[in-house]
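Trainee: I am new to this structure. Could we go through it one question at a time?

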Amino acid sequence: PSCNRFSILTELSFLQIDAFADRPFSGNPAVVYRPGDPLDAELMQRIAREMNVSETCFLVPSDEGFQLRWFTPTVEVDLCGHATLAAAHGLWTEWGHQGENICFQTLSGTLTAVSANDLIWLDFPLEPVEETPIPNEVAAALTVKPAYVGRNRLDYLAELGSEAAVRSISPDLAMLKKLPVRGLIVTARAHETKGADFVSRYFAPYFGIDEDPVTGSAHCALGPYWTERLGKQELLGYQASDRGGWVRVNVRGDRVDIGGKAVTVAQGTLRV
């Protein structure tokens with residue numbers, strides 16, 4: 001009897017990059033696919049599920065730069081910082097992009113990346129939070145009472161009383177999954193982490209990410225929040241996940257510059 005055969009329709013090259021990291025196995029891993037023809041959204045989602053990192057992103061060349069889309073293992077997202085930083089790093093260091101600027105067309109409008117002073121800087125929209133009564137889901141999920149709770153279009157933000165509280169918190173993820181937003185940022189002024197202005201952690205179980213290691217887009221809210229409270233436009237945040245990562249923040253008008261480093265840790269080919 002003859003054996004059934006399958007056909008490889010295409011081969012897609014990718015990089016795995018640790019973003020907001022200066023060494024491998026820290027920061028937040030993202031998979032970045034080499035710029036190419038557009039793929040079907042269902043296929044991109046299946047690929048992201050197969051890659052099984054917090055974000056997998058896809059690039060398509062355009063007249064203005066690149067179209068960029070981000071997928072968690074379960075859903076496409078409107079805004080992602082670490083995968084954008086990873087995409088810029090891959091373009092500059094592995095795929096021969098020339099010039100100090102890169103423009104990305106995304107679901108959140110045009111975003112730019114700039115290489116300067118050994119950092120990649122992302123120009124992102126400001127996403128300030130407005131104070132709100134604490135939702136029942138957040139109150140039930142946290143083991144401590146927040147000093148402040150706010151919300152923007154993406155997330156809830158809860159300020160806790162100390163850095164130690166942020167580091168030790170173990171929220172009820174099932175309760176957080178009921179929130180009508182992407183996720184929950186917890187934050188506090190830094191007291192133990194030398195050089196940091198604030199610390200944070202980020203939980204997004206609704207999007208298939210129990211805890212995100214380092215979340216660039218959360219700093220679109222953390223930047224204006226701590227700028228107002230600390231009286232500083234230029235800030236250094238540390239996201240205190242198990243992997244950990246440093247994020248530089250510079251608030252200017254209705255935009256925020258988010259800066260960090262990245263390291264390529266793997267490359268490969270996906271056969272579809």
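Mentor: Two strands pair if DSSP finds at least two bridges between them. Keep in mind that this is a predicted model.

Trainee: How many bridges join β8 to strand β17 (residues 255-260)?

Mentor: The two strands run antiparallel. One of the facing positions is L122, with I258 as its bridge partner in β17. Two bridges would be enough for a pair. The count between β8 and β17 is 6.

Trainee: Which residue in β8 stands opposite V114?

Mentor: β7 and strand β8 (residues 119-125) run antiparallel and are joined by 5 bridges. S115 of this pair faces I120 in β8. Opposite V114 stands W121.

Trainee: In the hairpin of β7 and β8, which residue takes a positive phi?

Mentor: There are 2 residues between the strands of this hairpin. The positive phi is near 55 degrees, and the residue that takes it is N117.

Trainee: Which residue in β7 does I102 stand opposite?

Mentor: Strand β6 (residues 101-106) and strand β7 (residues 109-116) run antiparallel, with 6 bridges between them. A hairpin of 2 residues joins β6 to β7. The residue opposite I102 is A113.

Trainee: How many residues of β8 are buried?

Mentor: A residue is buried if its relative accessible area is under 20%. By that cut-off β8 is mostly covered. Of its 7 residues, the number buried is 6.

Trainee: What span should helix α2 (residues 81-93) have, at 1.5 Å a residue?

Mentor: The helix has 13 residues. The expected span is 1.5 Å times one less than the number of residues. The end C-alpha atoms of α2 agree with this, as their distance and the expected span are both 18 Å.

Trainee: Is α2 mostly covered or mostly open, and how many of its residues are buried?

Mentor: Among the buried residues of α2 are L85, L91 and W92. The helix is mostly covered, and out of 13 residues the buried ones number 12.

Trainee: Which element gives the largest share of the largest nonpolar core?

Mentor: That core has 54 residues, and those with the most contacts inside it are L59, W70 and F104. The largest share is 7 residues, and they come from α2. Another core, of 23 residues, lies apart and includes V138 and I169. For the largest core, then, the element asked for is α2.

Trainee: Which residues is A41 in contact with, leaving aside its neighbours within four places in sequence?

Mentor: A41 belongs to helix α1 (residues 41-51). Its relative accessibility is 35%, which makes it partly exposed. A88 is no neighbour in this sense, being 47 residues away in sequence and 22 Å away in space, C-alpha to C-alpha. The contacts of A41 are R69 and F71.

Trainee: Are the rings of Y33 and F58 stacked or edge-to-face?

Mentor: By the ring rule the model has 8 aromatic pairs. In this one the centres are 5.1 Å apart and the planes differ by 10 degrees. Planes under 30 degrees apart meet the cut-off, so the pair is stacked.

Trainee: How many residues apart in sequence are the parts that this pair ties together?

Mentor: Y33 lies in strand β2 (residues 28-33), whereas F58 lies in strand β3 (residues 55-62). Both Y33 and F58 are buried, and with F14 and F71 they form one aromatic cluster. The separation in sequence of the parts tied together is 25 residues.

Trainee: What kind of pair do the rings of Y206 and F207 make?

Mentor: Y206 is partly exposed at 47% relative accessibility, while F207 is buried at 15%. Their ring centres are 5.6 Å apart. The planes stand at 35 degrees, so the pair is tilted.

Trainee: How far from the centre of the ring of Y225 is the charged end of R229?

Mentor: R229 also lies over the face of Y148, at 5.0 Å from that ring centre. A charge counts as over a ring only within 6 Å of the centre. For Y225, the distance from the charged end of R229 is 3.5 Å.

Conventions:
Residues numbered from 1 in each chain as written. Predicted model: local features only at pLDDT ≥ 70, side-chain atom pairs only at ≥ 80, totals over all residues. Heavy atoms only, no water. Phe/Tyr/Trp six-rings, centres within 6.5 Å; stacked < 30°, edge-to-face > 60°. Helix = DSSP H or I, 4+ residues; strand = E, 2+ residues; numbered from the N terminus. Buried < 20%, exposed > 50% of the residue type's maximum accessible area, 1.4 Å probe, protein only. Lys NZ or Arg CZ within 6 Å of the ring centre and 35° of its normal. Contact = heavy atoms within 4.5 Å. Core = buried A, V, L, I, M, F, W, Y, C linked by side-chain atoms within 4.5 Å.
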